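Biologist: I'd like to learn how to read a model like this one, feature by feature. Could you walk me through it?

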Amino acid sequence: MAVYLDVIWLLNFLFDSLLLYLTAIILKRDVKLWRVLCGGLIGSIIILLAVTPYHIYTSHPISKLGFSCVMILTVFGFKRLRYYLSGLMTFYFVTFLIGGVLIGSHYFVQFDFQLSSSVMLASVKGFGDPISWLFVLLGFPAAWYFSRKNVESIEITKIKYEEIVQVSFQIAGKAFTLKGLVDSGNQVYDPISRVPVMFVSINGMGDDLPAESCEIVDDSEAIIHGQKQLSDDWQYRMRIIPYKVMGKEHQLMIAIKPEQLVIEQKDDKYLVEKGLISFTRQQLSSDDAFSCIVHPKMLTGKKINVVNEGMVS
């Protein structure tokens, strides 16, 4: 019987690496790619040992748990016990989640499970049914994408809407810190890149605000229709966003990509790597409780420990 050990090892190596990467995304931990690949390589060693006399030991659940512990230690390191255990438990959650999606889909489309030998369930005694291999190769990326998107949706529903947060952003070399309201009603995105948009009132921001920001607010129609030009740097950062308001459709507004955007919510600070800012002269709060309306999607960004220096009000 032919044993395609190299193919089986390669697929397990790639799958383990993707599972570790998804774990890092869920935990919002910034990890190096080489650490993820090293963790996947360690996990794939079980496949190689399965054809050796040591398979008696490596097939034991305790041995598999040991490999998982080493994989998490390689990718995330050890800062404290709670930090390490959260990584390990999330890794198993991701593994069972994607494995469950694949198995459920397999039964749903009525594949003959007894004639299949998928990568995640079969031993290395043969190549397996080509249909099953094709199913896993196509199904795993789909399950990975589905799981990631649904985890993000769960995060958004956990956010306490209508909450005041601190927003710090930097634009044209100048930094500002404002109070923002997380509003579930703000669902404005860039239709092409799906980047969320935040609304910022320039009232009360003082003379530090770049002159281009005022031009964008006061002469937005002329800029959109090309009757007025901004500097090259501002044109590079500028995005034209379609939106709808009550009684009006097909409206256009200008949004700017900031150099840096950080949101602080209680004890957590989020670095918004993909976010846009639309300036307005409208007073957003009658009692000046906040000066910007924050898109809830922005609170699912990467958590950071310290806000970069240079953010001033």
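Biologist: Let's start with a side chain that meets the backbone: how far does the backbone oxygen of F91 lie from a polar atom of the side chain of T95?

Modeller: A polar contact is a pair of N or O atoms within 3.5 Å; within protein, one must be able to donate a hydrogen and the other to accept it, and residues adjacent in sequence count only if both atoms are side-chain atoms. Here the distance from the F91 backbone oxygen to a polar side-chain atom of T95 is 2.8 Å. T95 sits in helix 5 (residues 81-108); helices (H or I, at least four residues) and strands (E, at least two) are DSSP runs, numbered from the N terminus.

Modeller: Do keep in mind that this is a predicted model, where local features need pLDDT of at least 70, side-chain atom pairs count only at pLDDT 80 or more, and totals for chains, interfaces and linings use all residues. Residues are numbered from 1 along each chain as its sequence is written, and side-chain values use heavy atoms, with hydrogens and water left out.

Biologist: Is T95 buried or exposed?

Modeller: Buried means under 20% relative accessible area, exposed over 50%, partly exposed in between (1.4 Å probe, protein chains only). T95 has a relative accessible area of 19%, so it is buried. T95 and T23 are 72 residues apart in sequence, and their C-alpha atoms are 9.1 Å apart in space.

Biologist: How should I read the confidence values, and which elements have the lowest and the highest mean pLDDT?

Modeller: pLDDT is the predictor's confidence in each residue, from 0 to 100. Helix 6 (residues 130-158) has the lowest mean among the elements, 60, and strand 3 (residues 197-201) the highest, 90. The protein chain averages 75, and 72% of the residues score at least 70.

Biologist: Where does pLDDT stay under 50?

Modeller: One such stretch is residues 111-131, for which the model has 44 contacts (heavy atoms within 4.5 Å) beyond four places in sequence. Another is residues 306-313, with 14 contacts of that kind. Where pLDDT is low, the predicted coordinates should not be read in detail.

Biologist: And the nonpolar cores: how many residues does the largest one have?

Modeller: In soluble globular proteins, nonpolar side chains tend to be buried together. A nonpolar core is a set of buried Ala, Val, Leu, Ile, Met, Phe, Trp, Tyr and Cys residues joined through side-chain atoms within 4.5 Å. The largest here has 31 residues, and V167, F169, M198, V200, I263, F279 and V294 have the most contacts inside it. Strand 1 (residues 163-171) gives the largest share of this core, four residues. A second, separate core has 19 residues, including L20, V36, F67 and Y83.

Biologist: Which residues does F279 touch?

Modeller: Leaving out residues up to four places away in sequence, F279 touches F169, I171, V200, I202, L209, S213 and V217.

Biologist: Which residues of helix 7 are buried, and why are they on the same side?

Modeller: The buried residues of helix 7 (residues 211-218) are S213, I216 and V217. They cover an arc of only 95 degrees around the axis (taken from the directions from the helix axis to the C-beta atoms), so they lie on the same side of helix 7.

Biologist: What is phi of A172?

Modeller: Phi of A172 is near 55 degrees, a positive value in a residue other than glycine. A172 belongs to the loop between strand 1 and strand 2 (174-182), and is partly exposed at 36% relative accessible area.
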